[in-house]
Amino acid sequence: MERGRRVALGMSGGVDSAVSAALLARADYEVVGVTCAFQRDDKSSRAVRDAAATCARLGLEHVARDCTAPFEQQVIEPFVRAYAEGLTPSPCVGCNAHAKMPALLQAADDLGCASVATGHYARIARLDSGRFAVLCALDARKDQSYMLSLLSQEQLARLVLPLGAVTKAEVRVMAADLGLEVADKPESQDVCFIDGDYRPFLQKRGFVDVPGPIVDRAGQVLGEHAGLSGYTVGQRKGIGVSGPEPYYVVGKRYADHALVVGTADEARIGGVVVDGMNWQAVTTLDRPGDAMVKLRYRSTPAACIMEPMEDGRVRVRLRSPQPTTAPGQFAVFYLGATVLGGGIIEEVLA
């Protein structure tokens, strides 16, 4: 934590950013707490109040900024558009790179801060090549390196992550010792702009779900569904059809609105094609290489071979079949604890 002594810390009103503020101040940073309001709702107002109270308790400056317009453009609109295109988006990954970090960096520039910081559980390293890369947190159970895989070199060069070597349990204890009101505040949900079921949210945004058939891999009709947005590739429960062995969702065909299901064996894949790659630890992929890949945020890393394609995409050959994932999710590649890069899964390969 040595890149700049005045730092703009993104504060969501939760315990992680609160303890990050305390750790930065303890390390002799001049901390400015910055709460970027991405929605005009009670949740955002509460986040501003909680962050301001934490800063007051720690004797730190706090500012709040209205960031609803870029959040709408960079996060919500792509989220709705992805569902309309038959994808299953992971909005938090793109939000960090395209909404949260730009807003925080702009605030830092306005406030005269050389660095920015967040409460993510991950680490930043400058490699021998001179490039910056995200590293896994020491607490594997809370590791959020996957969520930072789209950050650019310019963003990483200014980013400080105080919680990379701290466990969540330690964070709770520190918050209690400091007398912070957020010490026992529950974890925030993954998709901050949706409460519960996302389908009503999509409907309010003009998304129209169309009923259709539920079919197996051979094309046999097994039943009917009320709309493809209600299902996720890899889902096992709540499909609405049964057979000799459990069915899993293995695909969604928006051309004819068919929900494709299969057995456990049919719900395993041999690879994926990844587009929109953002490379961190390396500048590009110019030859096939071994790595570990996470095909979802919560998935276990799997051994793979990365193969560059002529158009910049990456074909991923899995060393052993893995549970299927959905186009629209992110594939993030690792070499040891280091993030090589990440991109959007475009196609699933058998």
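**Salt bridges and a buried asparagine**

The structure holds 20 salt bridges. Please keep in mind that this is a predicted model. As a quick reminder, side chains of opposite charge can pair when their charged atoms come close. Below you will find three of these pairs, a charged network, and a look at the surroundings of Asn278.

**A buried pair between two helices**

- Asp16 and Lys168 meet through their side chains in a salt bridge, with 2.9 Å from N to O.
- Asp16 sits in helix 1 (residues 15-26) and Lys168 in helix 6 (residues 168-177), so this salt bridge ties together parts that are 152 residues apart in sequence.
- Asp16 has a relative accessibility of 16%, and because the cut-off for buried is under 20%, Asp16 counts as buried.
- Lys168 is buried too, its relative accessible area being 12%.

**A partly exposed pair**

- Arg253 and Asp256 form a salt bridge in which the closest N and O atoms are 2.8 Å apart.
- On the Asp256 side, the relative accessibility is 36%, which counts as partly exposed.
- Its partner Arg253 is also partly exposed, at 38% relative accessibility.

**An exposed pair and a network**

- Asp286 and Arg287 are joined by a salt bridge, and their closest N and O atoms lie 3.4 Å apart.
- Arg287 counts as exposed at 54% relative accessibility, and Asp286 is likewise exposed, with a relative accessible area of 56%.
- Elsewhere, Asp16, Lys142, Lys168 and Glu187 are joined into one network by salt bridges that share partners.
- The helix-to-helix pair described above, Asp16 with Lys168, therefore has both of its residues in that network.

**Asn278 and its surroundings**

- Asn278 is found in strand 12 (residues 268-279).
- Is this residue buried or exposed? Asn278 counts as buried, at 18% relative accessibility.
- A polar atom of the Asn278 side chain lies 2.9 Å from the backbone oxygen of Ser149.
- The side chain of Asn278 also has a polar atom 3.1 Å from the backbone oxygen of Leu151.
- Which residues does Asn278 contact, leaving aside its neighbours within four places in sequence? They are Ser149, Leu150, Leu151, Leu340, Gly341 and Gly342.
- Ser149 and Leu151 thus appear in that contact list, and each offers a backbone oxygen to the picture, Ser149 at 2.9 Å and Leu151 at 3.1 Å from a polar atom of the Asn278 side chain.

Terms used
Residues numbered from 1 in each chain as written. Predicted model: local features only at pLDDT ≥ 70, side-chain atom pairs only at ≥ 80, totals over all residues. Heavy atoms only, no water. Salt bridge = Lys/Arg side-chain N within 4 Å of Asp/Glu carboxyl O. Helix = DSSP H or I, 4+ residues; strand = E, 2+ residues; numbered from the N terminus. Buried < 20%, exposed > 50% of the residue type's maximum accessible area, 1.4 Å probe, protein only. Polar contact = N/O pair within 3.5 Å; in protein donor to acceptor, adjacent residues only side chain to side chain. Contact = heavy atoms within 4.5 Å.
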